[in-house]
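This report concerns the secondary-structure packing and backbone geometry of the model displayed below. It proceeds element by element.

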Amino acid sequence: MHPIVKLVAQRLALGALLLLAASALIFGLTEALPGDAAQAILGQAATAESLANLREEMGLNRPALTRYFEWLGGILTGDMGVALTNKLDIATSVASRMSNTLFLAFWAALISVPLAILLGLIAVRYQNRWPDKAISGVTLASISLPEFMIAYILIFFFAVKLFWAPSFANISPSMDLLDKLHAIALPVAVLVMVVLAHMMRMTRAAILNVMQSAYIETAELKGLTGFQVIARHAFPNAIAPIVNVVMINMAYLVVGVVVVEVVFAYPGMGQYLVDAVVKRDVPVVLACGVIFAAVYILLNIFADVVSILTNPRLRHPK
Amino acid sequence: MSDTLLKVRGLKIGATVYPPGEKPHDIDIVHGVDFDLERGKVLGLIGESGAGKSTIGLASMAYGRGGVKITGGEVWVNGRDILKTGIKDIRKLRGAEVTYVSQSAAASFNPAKKIMDQVIEAAVEQKKFSRKDAEQRARTLFAKLGLPDPDNIGERYPHQVSGGQLQRCMTALALCPEPDLVVFDEPTTALDVTTQIDVLMAIKEAIADTGVAALYITHDLAVVAQVSDDIMVLRMGNTIEYGDTDQIINRPQDEYTQALVSVRSIEHEEKAPTPEPVLSVKNITARYKGTNFDVLHNVNVDLHPGQTLAVVGESGSGKSTLARVITGLLPPRDGQIDFAGRTLSNDLAGRSLEDLRELQMIYQMADTAMNPRQTVGTIIGRPLEFYFGLRGEEKRKRLIDLLDEIELGEKFMDRYPAELSGGQKQRVCIARSLAAKPKMIICDEVTSALDPLVADGILKLLLDLQKIENVAYLFITHDLATVRAISDSIAVMYQGRVARYGSKSEVLSPPFDDYTDLLLSSVPEMRLGWLEEVVANRKMESAGN
């Protein structure tokens, strides 16, 4: 296992470097935006004098680099600082928000990943016949619609007309699991529809690619059935590309939920980030941005490692 | 019940083809073939590519590759016509009554699964054996087939064993379910000759021990003569001749069979070395970037103007690496290359246009060596423009000369590579290299991908052109028959070293070194009993030592 440990260590080091670059980029971009937190708090009518006072108080007058390195030093010691606008500890806010976002992403993933792979396998088994075309058609339609559109359509039918699920996905720690699940039913449905097509099509393409191999013919000539051939001989060799696309979609479930969280007023990271951007609350934006980047990088490292582990040439060297 | 295991009557096979720029249409591949195979017998199916031999072999399992469909006739296995049964019955037949050994075991084993799981899969799935019994049987077969460490080799993954070993594992896979019939589809074609002998003997003994019947498909008559009781010669989907092995090999009736038996009609008188070699490879040692071992060790060879030096060896012997070093693609660690009275730069970047022009190359795969979107005229015309600046009528005249020289003619000027046969493609590549008026051409396995009769034509052409253009060939090949046919001098390579080097008559005359002896005695000869003879000799030798 030694070479794999080394590889994981390398990837993690590279990931840390990437994260540093991402934080600098996010900081630079928020600096480049017109206006700042003081302006946002005091509004358009603020006098130059009051603005200057507030900036002095918030420490916004110091050079950008100084502020960046201060923030970086904080983060390295586990301190994300406090929000500029409401003086709340960012770490505490992020912890509860992040757990909500992960809760939503977890259930969306739990449903969408097995479903996508199963649908992909069915599509391969009945390639170019009606089940394949039906699966492709429906999933492509759902990916082609903007997610806020899907969200509003679902709200219209299931919340407004049928009263099956709430249109505001508000959850709190006091709720029990079933109530929580009921509350997030619609956002989960939206997320599943958004990520399903991509994963299903990739599963289908990856397995079809493997199906061209000579060893598939060997399997067919052993008298195995179509599903046995796909599940035993094709799927194990298609895991690497499938895992990669699954991880990209997992990352999307965490990082890309902004729109869905806003539509359903869900108290997650996405909404938190949008609020912070509106208020020019740079420390919060930075914290959210860096966490999103970390999630993205970690999931990709995970995908890399899994694809390497599924390759017998790397797992069992000569 | 009669002893007939497989009875084929009027077998017709077709396929849908999708030619570029045309409507898809159906073509016939096999036009009504009849044969019988008794239990425990071996029938050899022989022919060139496109003869339909693999297609017929797979039809005995009611299988069509890609868009191939069985369109008519009867295939009786164990007393029932398998073309009339449903897919469920066909599945019960595949992997149980009839099994298959493919040409490339490396591609036919699933890289993600252990060898043992794949070998026993059919036997267990078809409920012929319990898992435990199947594994025991597989280990017995591994031992019988001469695989090293038969008790544990099944725990390895396919990439962890060599090509020859994997081919034997594939034979074990086919024999494990105790089938009545095994289809061997070119099982030794991808192997080196010295490995081929072992695999061939293992297959032959396994057939004899288990009493299984076999269809043995190959393009190599000498190989099929060693293993089969009967031979059927196929050409373009038709039976040309069908008889017992002795008759086909020793008294072929049909003209085409006679040509197959007597292929390699070339007689080439060896030329004496000249005082000034055109190419002199001196003390070349080379290794690939990022590795820490040399693939060439102190190689020294000379090539004389207008002559042919054959570089012969098995895969991994370093012969293609030598070509890369001479062309400058792989700068050597040590040594120098003298060419046409000057010392060449070791690095490609340091070579002049004149160096490049005088040293041309022809490749094994003519297909991938040509731009599929350029016409033959553009392909051959490019060196005329590049090296000589020829334009217009002048260029056209030279193009026609070249096309005549390769026996294709002017009408091929506007054709695309896809419209040419394998042999024609290789001819175009020859013309392209000749267009540069080189002093020397490196021919890297240029006939290996071609059928024997076509290859023969290419070799004849190369020899004729050598006389006209006085060009020297460095001819890289693993095929000793080719070497005999065309060379003036020979370098036998083994593990990156020149094991034997000299004029053709010297190298091919005893006394031999051990490796050359092994190599020469491994080339299948077209006579009955050759395989047993060689194996017996080797056993005696190793007993004597």
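In chain B, B:Val312 stands opposite B:Val492 of strand E19(B). The model is predicted, with local features requiring pLDDT of at least 70 and side-chain atom pairs counted only at pLDDT 80 or more, while totals for chains, interfaces and linings use all residues. Residues are numbered from 1 along each chain as its sequence is written, chains are lettered from A and ligands numbered from 1 in the order in which they are written, and side-chain values use heavy atoms, with hydrogens and water left out.

**Strand E19 and its partners**

Helices (H or I, at least four residues) and strands (E, at least two) are DSSP runs numbered from the N terminus, and two strands pair if DSSP finds at least two bridges between them. Strand E13 (residues 308-312) of chain B pairs with E19(B) in the parallel sense over 4 bridges. E19(B) is also joined to strand E20 (residues 497-503) of chain B by 6 bridges, and these two strands run antiparallel. In that pairing B:Ser489 stands opposite B:Ser503 of E20(B). E19(B) and E20(B) form a hairpin with 2 residues between them, and B:Gln495 in the turn has a positive phi of about 50°.

How many of the 6 residues of strand E19 of chain B are buried? In E19 (residues 489-494), 5 of the 6 are buried, so the strand is largely enclosed by the rest of the structure. Buried means under 20% relative accessible area and exposed over 50%, with partly exposed in between (1.4 Å probe, protein chains only).

**Backbone geometry in loops of chain B**

Most residues other than glycine have a negative phi, and most peptide bonds are trans. Two loop residues with positive phi are listed here.

| Residue | Phi | Loop | Relative accessibility |
|---|---|---|---|
| B:Asn78 | positive, about 50° | between E4 (68-77) and E5 (80-81) of chain B | 24%, partly exposed |
| B:Ala340 | positive, about 50° | between E14 (334-339) and E15 (342-343) of chain B | 26%, partly exposed |

The peptide bond from B:Pro510 to B:Pro511 is cis, with omega near 0°. B:Pro511 is placed in the loop between helix H18 (504-507) and helix H19 (514-522) of chain B.

**Two open sheets of chain B**

An open sheet of 4 strands has the order E2-E1-E4-E5 (chain B), with antiparallel pairing. Strand E2 (25-38) and E5 of chain B are at the edges, each with a single partner strand, so one side of each is left without a neighbour in the sheet. Strand E1 (residues 4-17) of chain B runs antiparallel to E4(B), the two being joined by 8 bridges. B:Ile13 stands opposite B:Ile70 of E4(B).

A second open sheet contains 6 strands in the order E6-E7-E8-E3-E9-E10 (chain B), and its pairing is mixed. Strand E6 (98-101) and strand E10 (238-244) of chain B occupy the edges with a single partner strand each, so one side of each has no neighbour in the sheet. From one strand to the next the twist averages 15°. Such angles run from 0 to 180 degrees between N-to-C directions, with axes fitted as lines to C-alpha atoms, for helices over the stretch in contact. Strand E9 (residues 230-235) of chain B pairs with E10(B) in the antiparallel sense over 6 bridges, and B:Leu234 stands opposite B:Thr239 of E10(B).

Helix H6 (residues 163-175) of chain B packs on this sheet, touching E6 and strand E7 (181-185) of chain B, and its direction makes about 175° with that of E6(B). Helix H7 (residues 193-210) of chain B also packs on the sheet, touching strand E3 (42-46), E7 and strand E8 (213-218) of chain B, with its direction at about 155° to that of E8(B). Contact here means heavy atoms within 4.5 Å.

**Helix packing in chain A**

The axes of helix H5 (residues 90-125) and helix H10 (residues 226-255) of chain A come within 10 Å and cross at roughly 150°. That makes H5(A) roughly antiparallel to H10(A), since angles under 35 degrees count as roughly parallel, over 145 as roughly antiparallel, 65 to 115 as roughly perpendicular and the rest as oblique. The residues of this contact divide into 17 nonpolar, 2 polar and 1 charged. Here Ala, Val, Leu, Ile, Met, Phe, Trp, Tyr, Cys and Pro count as nonpolar, Asp, Glu, Lys and Arg as charged, and the others, Gly among them, as polar.
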